[in-house]
Amino acid sequence: MPGTSPLRAWLAQRPPAAGAAVMATGIVSVALHLAGYELLSRVILAVACFAWLTLAADFVLRLLGDRSRWIKDAGAPGALTAVAATTVLGTRFSALGWQTLAEALLALAFVLWPGLLVLVVRNSRRPMPGAVFLSCVATEGLAVLAATLAKTQGVAWPAYAALVLFWIGLALYVFALCCFDLRQLLEGHGDHWIAGGALAISALAGARLVTVGSGRYLWDGDDSGVLRTVTLALLVLDLCWYAVLVVAELVRPRPRYDVRRWSTVFPMGMTAAATMSVATAANVPSWGLGEVLMWIAVAAWLAVAAGAVLEARTELRALR
């Protein structure tokens, strides 16, 4: 478009899946916070906030200036990164004590969620890439943030809402798994990792629900037992997926940068956060596994961030 700055033109070319960069960066910040590395966590959180604000501005500009493209993009699974990224940031802000901002982000994510979810599910066809699991991720992200706010605010109703969202998210995981193309394990460009990441965020949601119910009698003994068992099972399944995905990467290396690689970093960071959270909530030993996985996620984040910066510099130069 004449008169458009190179930066604006570059942003206009970003696919919906670019929101995974915020998801990945936000969850790495959360994992660092859980492990006690607060300063580093806040530095990475600042990067996530900048990316979220940039993509949010582009989201609004597309809605106002190019409605047909916005509607087309909204039907792609990657559009749900807008919901998931917002809930991840809200969860981190809640840990900082910024509850009003966290509540505002939960409200925003909840407003976006049903419309985008309906469009994405309606457009889902077999076979699908790993992005199809974002329907589960976005829903469980709402559950995590709602349960987190229920705990910090001492209010029961968000916990009950989170419980409903938790089970809806698991149902959506089954739906996504039926649509997922297993060949993506060897052929995917990064978003195939969400198959495991969706289980990780489900386990994190379960851990938050177990925690918020402890001592407040929100769930009876049977319900608490079911929640704890399901949460542990989800974490085990997630770790199994993690191992399978690592083996697939070793069998078929794909070292080149792709924007979908942010969807690889997100499950890595989420698995680390879920491992630490589940160990605490269920009172089981983790033997330091969560922190090891956290540093692997940090290393992956640095590698993908470096690739993103180099690609952005090349593309911006081409647009000048």
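A cavity is a set of points, on a 1 Å grid over the protein atoms alone, where a 1.4 Å probe fits but cannot get out, while a pocket is an open set with protein on both sides within 12 Å along at least five of seven lines, and lining residues have an atom within 4 Å of a point. Grid points are joined across faces, edges and corners, and a volume is the space filled by probe spheres set on the points.

The model is predicted, so local features need pLDDT of at least 70 and side-chain atom pairs count only at pLDDT 80 or more, whereas totals for chains, interfaces and linings use all residues. Residues are numbered from 1 along each chain as its sequence is written, and side-chain values use heavy atoms, with hydrogens and water left out.

**Exercise 1. Describe the cavities, their volumes and their linings.**

Step 1. Counting by the rule above gives two cavities of 30 Å³ or more. The largest cavity has a volume of about 60 Å³, and the second largest cavity has a volume of about 30 Å³.

Step 2. Around the largest cavity stand I27, V30, T87, V88, T91, G141, V144, I201, L204 and M270. Two or more of these lining residues come from each of α2 (20–35), α5 (81–95), α7 (134–153) and α10 (194–213), where helices (H or I, at least four residues) are DSSP runs numbered from the N terminus. The largest share, three residues, belongs to α5.

Step 3. Sorted by class, the lining of the largest cavity holds seven nonpolar, three polar and no charged residues; here Ala, Val, Leu, Ile, Met, Phe, Trp, Tyr, Cys and Pro count as nonpolar, Asp, Glu, Lys and Arg as charged, and the others, Gly among them, as polar.

Step 4. The second largest cavity is lined by V210, R228, T231, L232, V278, A281 and A282, and the elements that give two or more residues to this lining are α11 (221–251) and α12 (262–282). Its lining has five nonpolar, one polar and one charged residues.

**Exercise 2. Find the two largest pockets and state which helices line them.**

Step 1. The largest pocket has a volume of about 630 Å³. It is lined by 22 residues, of which W10, A21, A51, A308 and A312 are the closest to its centre.

Step 2. The elements that give two or more residues to the lining of the largest pocket are α1 (6–12), α2, α3 (38–65) and α13 (289–319), with the largest share, seven residues, coming from α13. By class, this lining has 18 nonpolar, two polar and two charged residues.

Step 3. For the second largest pocket the volume is about 460 Å³, and among the 24 residues that line it, L55, A56, F59, A79 and A82 are the closest to its centre. At least two lining residues are supplied by each of α3, α4 (67–74), α5 and α6, and α3 gives the largest share, seven residues.

**Exercise 3. Work out how α6 packs against α7.**

Step 1. The axes of α6 (residues 99–123) and α7 come within 10 Å and cross at roughly 150 degrees; axes are lines fitted to C-alpha atoms, for helices over the stretch in contact, and angles run from 0 to 180 degrees between N-to-C directions.

Step 2. Therefore α6 is roughly antiparallel to α7, a term that applies to angles over 145 degrees.

Step 3. Residues in contact, with heavy atoms within 4.5 Å, include A102, L106, F110 and W113 of α6 and A138, L142, L145 and L149 of α7. The residues of this contact divide into 12 nonpolar, five polar and one charged.

**Exercise 4. Examine two loops for unusual backbone geometry.**

Step 1. Most residues other than glycine have a negative phi, and most peptide bonds are trans.

Step 2. In the loop between α6 and α7 lies P127, and the peptide bond from R126 to P127 is cis, with omega near -10 degrees.

Step 3. In the loop between α12 and α13 lies N283, a residue other than glycine whose phi has a positive value, near 55 degrees.

Terms used: Parallel < 35°, antiparallel > 145°, perpendicular 65-115°, else oblique.
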